[in-house]
Structure formats: structure tokens, C-alpha cells
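Visitor: Please choose a single part of this model and take me through it closely, giving the cut-off behind each term as you reach it. I would like one connected account rather than a list.

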Amino acid sequence: MPDITLISGSTLGGAEYVAEHLEEKLTQAGFSTEVLHGAELDELSNEGIWLIVTSTHGAGELPDNIQPLFEQIEEQQPDLSRVVYGAVGLGSKEYDTFCGGIKTVDRILQDKGAKRIGSRLEIDVTEHEIPEDPAEVWLDLWLNDLKEAGFLAK
């Protein structure tokens, strides 16, 4: 099992790029990782550390490649009480559904017992031409939060 499983939801590829960038940084820091673009529930362990990076599609919905995972979580009701996670959302403040995708993810995971570590990052792509930059800054804070909470020994 990898130290950290990254799960991305993307329509145009932005969230995938951010997830891959964060995965590269985690690997450089010595963590084992797995990246899943459009994961299925049976591909995931019900314990460990997840890092979800998703954009928002349409009127605040999850992108098509990650929506099935969260439908499966809601339908199958897995016990995720041994999952801790980080949450990174991409969106545009030009819409009133800004970062609606990651807010949905956050709600569903917490409803199933998972615990978010650290603050949720919401990146406004109209303010950050390169969304990987604020995500990288957030990653250092998140890793520190994981260490302080006793989930990482590194």
C-alpha cells in the first residue's frame, strides 16, 4: 500500500496536472505514491492517506471521471473511518458554485467517517495561472499537519 494515494477528478486536465505535480513532490520527499485518475471504489483501500484533487464541472458537480467513485461511496456506504485525507479543489470565483466539486467530496468523505487533515485548498484558476504553485505551498503545510497528527513519521 502506498504512503499516499492521489485521486484526481478533471474535465479539462487541470486537476490531473496538479495531482501529478503533487505526486512528483511527494516522491521527491521520499513517500511512496499512487495516482488514480478516475478511481473506482474497489481500487482503493479503506484505510490510509488519500489526497483528492478535483475541479468542478457544470453547476458545481464533480467531473465525469470522479463522479462514479463518489456515487459508489454513497451507495455502498463503506466504513472510511481509517482514512485521512487532504482536499484540493480547482474552480473559478466567476461562478457561484466555486469549488463545488471538492466541497461535495469533503462532505461525502466526512459522512462516511473519513477525517480531513488540514484545511481544504480552493484554488481560483482566474487568480493562479499555474495552479500547481499554490498547491505546492499547501502540500508542505498538509504534510506538516499529517506529521503533527501522527499519521506520518517522515
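Guide: What follows is a walk through one annotated span, from its core to its polar and charged side chains.

This is a predicted model, and local features are therefore reported only at a pLDDT of at least 70 and side-chain atom pairs only at pLDDT 80 or more, whereas totals for chains, interfaces and linings use all residues. Residues are numbered from 1 along each chain as its sequence is written, and side-chain values use heavy atoms, with hydrogens and water left out.

The part in question is residues 4-143, which UniProt, in an unreviewed entry, gives as the feature "domain: Flavodoxin-like"; UniProt positions appear here in the numbering used for the model, feature names are shortened, and such annotations may be inferred rather than shown by experiment. The C-alpha atoms at the two ends of residues 4-143 are 11 Å apart, and the span is 35% helix and 26% strand, where helices (H or I, at least four residues) and strands (E, at least two) are DSSP runs numbered from the N terminus.

A nonpolar core is a set of buried Ala, Val, Leu, Ile, Met, Phe, Trp, Tyr and Cys residues joined through side-chain atoms within 4.5 Å, and buried means under 20% relative accessible area, exposed over 50%, and partly exposed in between, with a 1.4 Å probe and protein chains only. The largest such core has 24 residues, of which I4, L51, V53, W142 and L143 touch the most other members. At least two residues of this core come from each of β1 (4-9), α1 (14-28), β3 (47-55), β4 (82-91), β6 and α4 (132-148), and the largest share, six residues, is supplied by α4. I4 has contacts (heavy atoms within 4.5 Å) that, leaving aside neighbours within four places in sequence, are with L26, F31, S32, T33, E34, I49, L51, W142 and L143. A second, separate core of 23 residues includes A39, W50, C99 and L109.

From I4 one can pass to its contact partner T33, which is found in strand β2 (residues 33-37). T33 counts as partly exposed because its relative accessibility is 21%. With neighbours within four places again set aside, the residues in contact with T33 are P2, I4, L6, E23, L26 and T27. Two of these are joined to T33 by polar contacts between side chains, E23 at 2.7 Å and T27 at 3.5 Å; a polar contact is a pair of N or O atoms within 3.5 Å, of which, within protein, one must be able to donate a hydrogen and the other to accept it, and residues adjacent in sequence count only if both atoms are side-chain atoms.

D124 offers another polar site, in strand β6 (residues 121-124). D124 is classed as buried because its relative accessible area is 4%, and its side chain makes a polar contact of 2.6 Å with the side chain of T126. Beyond neighbours within four places in sequence, D124 is in contact with G91, S92, K93 and F98. Which side chain of opposite charge is nearest to D124? That side chain is K93, 5.0 Å away, and D124 has no salt bridge, since a salt bridge requires a side-chain nitrogen of Lys or Arg within 4 Å of a carboxyl oxygen of Asp or Glu. In assigning charge, Lys and Arg count as positive and Asp and Glu as negative, while His and the chain ends are not counted.

By this rule the count comes to seven salt bridges. One of them brings together the side chains of K25 and E136 at 3.9 Å, N to O, and links distant parts of the chain, with K25 in helix α1 and E136 in helix α4, 111 residues apart. K25 is partly exposed at a relative accessible area of 24%, and E136 is partly exposed at 27%. Another joins R107 and E74 at 3.8 Å, N to O, and this pair also links distant parts of the chain, R107 lying in helix α3 (residues 100-111) and E74 in helix α2 (residues 67-76), 33 residues apart. R107 is partly exposed at 41%, and E74 likewise counts as partly exposed at 35%. R120 forms a salt bridge with E122, whose closest N and O atoms are 2.9 Å apart, and salt bridges that share partners join D106, R116, R120 and E122 into one network.
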